[in-house]
Amino acid sequence: MKKNDIILILILLCIGGAGFFVLNLTKDSGSIVNVSIDGKLTDTYDLSVDATYEITGYDGGKNTLVIKDHEAYMTEADCPDQVCVKTGKIHRVGESIVCLPHRVVVEISKEGEEAEVDTVSQ
Ligand SMILES: [Zn+2]
């Protein structure tokens with residue numbers, strides 16, 4: 001392989017990477033937050049409205065969901081594993097925070113699009 005070939009491949013890789021990055025930025029940003037408990041859609045929140053919500057999950061478990069700066073995340077939960085809190089911030093369509101002990105699923109979606117959890121429960 002010649003040196004020029006390697007440079008050409010590197011340039012092509014950069015272009016491909018940049019294109020993928022731009023595509024990710026433009027298409028995946030969500031606008032609503034769907035909250036479902038035990039497989040049933042219970043609430044839908046606006047991702048552009050900063051707020052704090054108390055979610056009472058299965059068996060009385062408590063989760064605190066915060067929406068801020070177009071991102072959603074759990075700040076507190078009384079579940080034993082704390083996986084939901086550790087998940088961090090989500091904002092892209094299809095991203096979700098799951099609290100298994102409380103059977104709470106927080107999922108990012110877009111306005112006008114049916115939530116996956118909704119179609120499953122019907
Ligand atoms: Zn949890």
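This is a friendly dialogue on reading the strands, turns and zinc site of a predicted model.

Visitor: Let us begin with the sheets. How should I think about strand pairing, and which order do the strands take in the open sheet of three?

Guide: Strands of a sheet are joined by backbone hydrogen bonds, in either a parallel or an antiparallel sense. Here three strands make an open sheet in the order 3-4-5, and the pairing is antiparallel. Strand 3 (51–56) and strand 5 are the edge strands, each pairing on one side only. On average, neighbouring strands of this sheet are turned by 25 degrees against each other, direction ignored.

Visitor: How many bridges hold strand 3 to strand 4?

Guide: Six bridges, in the antiparallel sense, with strand 4 covering residues 62–68. To find the register on screen, look for facing residues: Glu54 stands opposite Thr64 of strand 4, and Ala51 stands opposite Ile67 of strand 4.

Visitor: And what joins strand 4 to strand 5?

Guide: Six bridges again link these two antiparallel strands. A handy marker is Leu65, which faces Met74 in strand 5.

Visitor: Is strand 4 largely enclosed or open to the outside?

Guide: A useful general idea first: side chains of a regular strand alternate between the two faces of the sheet. In this model, five of the seven residues of strand 4 are buried, so the strand is largely enclosed by the rest of the structure.

Visitor: Now the other sheet. What order do the strands take in the open sheet of four?

Guide: The order is 2-1-7-6, with antiparallel pairing. Strand 2 and strand 6 each have a single partner strand, so one side of each is left without a neighbour in the sheet. The twist from one strand to the next averages 15 degrees.

Visitor: Which residues can I use to follow the pairings of strand 1?

Guide: Take its two partners in turn. Strand 1 (residues 32–37) pairs with strand 2 (residues 40–46) over six bridges in the antiparallel sense, and Ile37 has Lys40 of strand 2 as its bridge partner. Strand 1 also pairs with strand 7 (residues 104–109), again antiparallel and over six bridges. There, Val33 stands opposite Ile108 in strand 7.

Visitor: Next, the turns. What should I look for in the hairpin of strand 1 and strand 2?

Guide: Look at the backbone angles of the connecting residues. This hairpin has two residues between its strands, and Asp38 in the turn has a positive phi of about 55 degrees.

Visitor: Where else does an aspartate in a hairpin take a positive phi?

Guide: Two more hairpins are worth a visit. The one made by strand 3 and strand 4 has five residues between the strands, and Asp59 takes a positive phi near 65 degrees. The one made by strand 4 and strand 5 has two residues between the strands, and Asp69 in the turn has a positive phi of about 50 degrees.

Visitor: What about His70 and its phi?

Guide: His70 is not a glycine, yet its phi is positive, at about 65 degrees. The residue sits in the loop between strand 4 and strand 5. With a relative accessible area of 32%, His70 is partly exposed.

Visitor: Where does Gln82 lie?

Guide: Gln82 is in the loop between strand 5 and helix 2. Its phi is near 60 degrees, a positive value in a residue other than glycine. Gln82 counts as partly exposed, at 26% relative accessibility.

Visitor: That loop brings us to the metal. Which protein atoms are the donors of the zinc ion?

Guide: The protein donors are Cys79 (SG), Cys84 (SG) and Cys99 (SG), lying 2.2 Å from the zinc ion. Their spacing in sequence is C-x4-C-x14-C. Cys79 lies in the loop between strand 5 (71–77) and helix 2 (83–87), while Cys99 is in strand 6 (residues 96–99), so the pair ties together parts that are 20 residues apart in sequence.

Visitor: Are these cysteines buried or exposed?

Guide: Under 20% relative accessible area is the cut-off for buried. Cys79 counts as buried because its relative accessibility is 5%, and Cys84 does so at 1%. Cys99 is buried as well.

Visitor: One last point on cysteines: how many disulfides does the structure hold?

Guide: Zero.

Methods
Residues numbered from 1 in each chain as written. Predicted model: local features only at pLDDT ≥ 70, side-chain atom pairs only at ≥ 80, totals over all residues. Heavy atoms only, no water. Donors = N, O, S within 2.8 Å, 3.2 Å for Na, K, Ca; no water. Buried < 20%, exposed > 50% of the residue type's maximum accessible area, 1.4 Å probe, protein only. Disulfide = S-S within 2.5 Å. Pairing = 2+ DSSP bridges. Axes fitted to C-alpha atoms, helices over the stretch in contact; angles between N-to-C directions.
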